[in-house]
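Reader: I should be grateful for a close look at a single part of this protein, set in the context of the whole. Please treat the matter step by step.

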Amino acid sequence: MCFKTETEVERTTKQIDKIIRKDRKNNYDTGCKFVLTTLLLLGPENSGKSTFIKQMRILYQGGYSDVELNRYKLALRENCINSIQTLLKSEKVILPETLLCHKKSVLACNGSTLDQCCCDIEILWSHPIIKEAYDKSTEFPITLPTNAAYFLQNVRKFSDPDFIPNHQDIINSRLKTNGISTIVFPHQGLEFTIIDIAGQKSDSRKWLHCFDNVNAVIFVVPLDEYDIKTGNKNKLEEIREEWTSMSRHQQFEDTSWILFLNKTDLFEIKLKKAPLKQFFPDAPDTTEVKAASNYILSYFTKAFKGKVVYPYITCITNTDLTEQIFQAVSHTVINRALSHAGF
Ligand SMILES: Nc1nc2c(ncn2[C@@H]2O[C@H](COP(=O)(O)OP(=O)(O)O)[C@@H](O)[C@H]2O)c(=O)[nH]1
Ligand SMILES: [Mg+2]
């Protein structure tokens with residue numbers, strides 16, 4: 001989505017205000033008083049922005065309502081069927097005769113009829129040809145959902161009519177965000193508002209002024225996309241251009257910049273299969289995650305145009321780690337706010 005008219009901007013600002021007022025009312029009902037702090041999440045699609053907001057929700061707002069759990073249940077079933085169908089539809093996956101009936105059954109199903117092909121998915125997923133296709137999927141012209149293996153391993157659980165997603169299921173799910181999502185919660189004596197502007201990439205001048213009072217921008221980079229090409233560019237190169245352009249924006253002149261190099265777990269697995277040096281010739285010849293992420297870190301910090309950047313290597317699906325990182329981020333934001341105020 002991008003804002004084309006002034007009314008769209010106004011509508012979105014109102015939408016954010018409404019969510020903030022609602023969350024704030026809940027917070028004030030607990031009797032707290034807060035200093036306001038706003039964090040803006042930026043970064044490409046699929047980098048982990050919504051997952052970060054989900055973690056904040058679990059950590060600081062006590063989780064999800066029944067209606068939301070139901071939405072995630074449906075999303076997980078969709079994620080699961082989508083993962084196996086994507087593999088089966090690849091021209092590179094040639095199945096033996098004995099598996100064709102299972103393929104047919106799976107291709108005829110959708111998220112709401114997952115239970116009817118649960119056994120077929122289990123048989124296919126345990127077969128070496130499908131496992132191999134999954135391992136090599138980045139070499140094929142297909143895009144598997146992140147965490148496809150998690151969805152396929154859990155097909156029986158997701159198909160159960162009484163299935164209720166737990167936090168881990170929700171964190172691993174992919175529910176595409178359209179438009180802006182916001183969360184407001186008290187933490188360390190501050191009221192945090194975190195805004196995820198999702199896919200509003202084009203023409204940032206149209207929407208950036210909706211976010212006047214941002215204390216820090218968190219820019220999320222999916223480390224595991226170093227081996228993906230978009231057009232004639234590497235995906236990380238494309239993301240770095242966005243990073244440069246956003247960090248030089250005068251709107252964020254006095255804003256703290258926080259860089260999340262995310263999906264370290266997937267990065268670590270991928271480094272063993274696809275050497276970083278193959279895609280970035282001046283990278284160290286290593287499969288070691290620390291050295292490889294340090295290289296990507298300097299790749300991004302060299303292209304940074306703001307005043308100061310605080311980098312973190314993250315795995316946002318890990319709740320404990322994300323809690324620790326958020327503690328550090330909030331300290332940074334508080335300290336910067338105090339030094340700006342002359343303390
Ligand atoms: N394994 C792994 N998956 C992640 C991580 N961060 C996000 N994801 C998954 O990546 C997918 C996309 O994340 P999402 O937060 O929706 O991306 P967004 O488009 O930036 O909002 C989801 O399935 C998440 O569970 C991570 O650190 N590790
Ligand atoms: Mg999202």
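In which strand is Ile-313 found?

Author: The model under discussion is a predicted one. Ile-313 is found in strand 8, which spans residues 309-313. Its burial class follows from a count: a residue is buried if 20 or more other C-beta atoms lie within 10 Å of its own. Because Ile-313 has 19 C-beta neighbours inside 10 Å, it counts as partly exposed.

The contacts of Ile-313 come next. Leaving aside neighbours within four places in sequence, Ile-313 is in contact with Leu-261, Thr-264 and Ser-293. A further residue to consider is Leu-297, 16 residues away from Ile-313 along the chain; the C-alpha atoms of the two are separated by 8.8 Å.

One of these contacts, Thr-264, leads to helix 12. Thr-264 is one of the buried residues of that helix, together with Phe-267, Lys-270 and Leu-271. These residues cover an arc of only 120° around the axis, and therefore they lie on the same side of helix 12. As a general point, an α-helix has 3.6 residues a turn, so residues three or four places apart point the same way. On the other side of helix 12, Lys-272 and Lys-273 are exposed. The buried residues of helix 12 pack against strand 8, and also against helix 13 (276-279) and helix 14 (289-301).

Helix 12 (264-273) also has a part in the surroundings of ligand 1. Together with helix 2 (49-60) and helix 9 (167-172), helix 12 is among the helices that each supply at least two residues of the shell around this ligand. The most is given by helix 2, with three residues. In total, 21 residues surround ligand 1, and the closest are Gly-48, Lys-49, Ser-50, Thr-51 and Thr-146. By class, the shell comprises 12 polar, five charged and four nonpolar residues. Ligand 1 lies between domain 1 (6-63 + 178-335) and domain 2 (67-172), because both domains give residues to its shell.

The nonpolar interior may be considered next. The largest nonpolar core has 39 residues, and those with the most contacts inside it include Leu-41, Val-217, Ile-218, Phe-219, Val-221 and Leu-259. Strand 4 (residues 216-222) provides the largest share of this core, namely six residues. Apart from this core lies another, of 23 residues, among them Cys-80, Ile-84, Ile-121 and Ile-171. Within the largest core, Phe-219 serves as an example: with neighbours within four places in sequence left aside, Phe-219 is in contact with Leu-42, Gly-43, Trp-243, Met-246, Trp-257 and Leu-259. In soluble globular proteins, nonpolar side chains tend to be buried together.

Two loop residues deserve a remark on their backbone. Asn-147 is placed in the loop between helix 6 (128-135) and helix 7 (148-153), and its phi is near 70°, a positive value in a residue other than glycine. Gln-188, in the loop between strand 2 (181-187) and strand 3 (190-196), likewise has a positive phi, of about 50°, although it is not a glycine. Asn-147 counts as partly exposed, with 19 C-beta neighbours inside 10 Å, and Gln-188 is partly exposed, with 13 other C-beta atoms within 10 Å.

As to the whole, the protein chain contains 15 helices and eight strands. Of its 343 residues, 31% count as buried. Among contacts with a separation of 6 or more, 77% are accounted for by residues 24 or more positions apart.

Terms used: Residues are numbered from 1 along each chain as its sequence is written. Chains are lettered from A and ligands numbered from 1 in the order in which they are written. This is a predicted model: local features need pLDDT of at least 70, side-chain atom pairs count only at pLDDT 80 or more; totals for chains, interfaces and linings use all residues. A residue is near a molecule or strand if its C-beta atom, placed from the backbone, lies within 6 Å of it. Helices (H or I, at least four residues) and strands (E, at least two) are DSSP runs, numbered from the N terminus. Ala, Val, Leu, Ile, Met, Phe, Trp, Tyr, Cys and Pro count as nonpolar, Asp, Glu, Lys and Arg as charged, and the others, Gly among them, as polar. Domain bounds come from an automatic or database domain assignment. A residue is buried if 20 or more other C-beta atoms lie within 10 Å of its own, exposed if 12 or fewer, and partly exposed in between; C-beta atoms are placed from the backbone. The arc is that of the directions from the helix axis to the C-beta atoms. Two residues are in contact if their C-beta atoms, placed from the backbone, lie within 7 Å. A nonpolar core is a set of buried Ala, Val, Leu, Ile, Met, Phe, Trp, Tyr and Cys residues joined through C-beta atoms within 7 Å.
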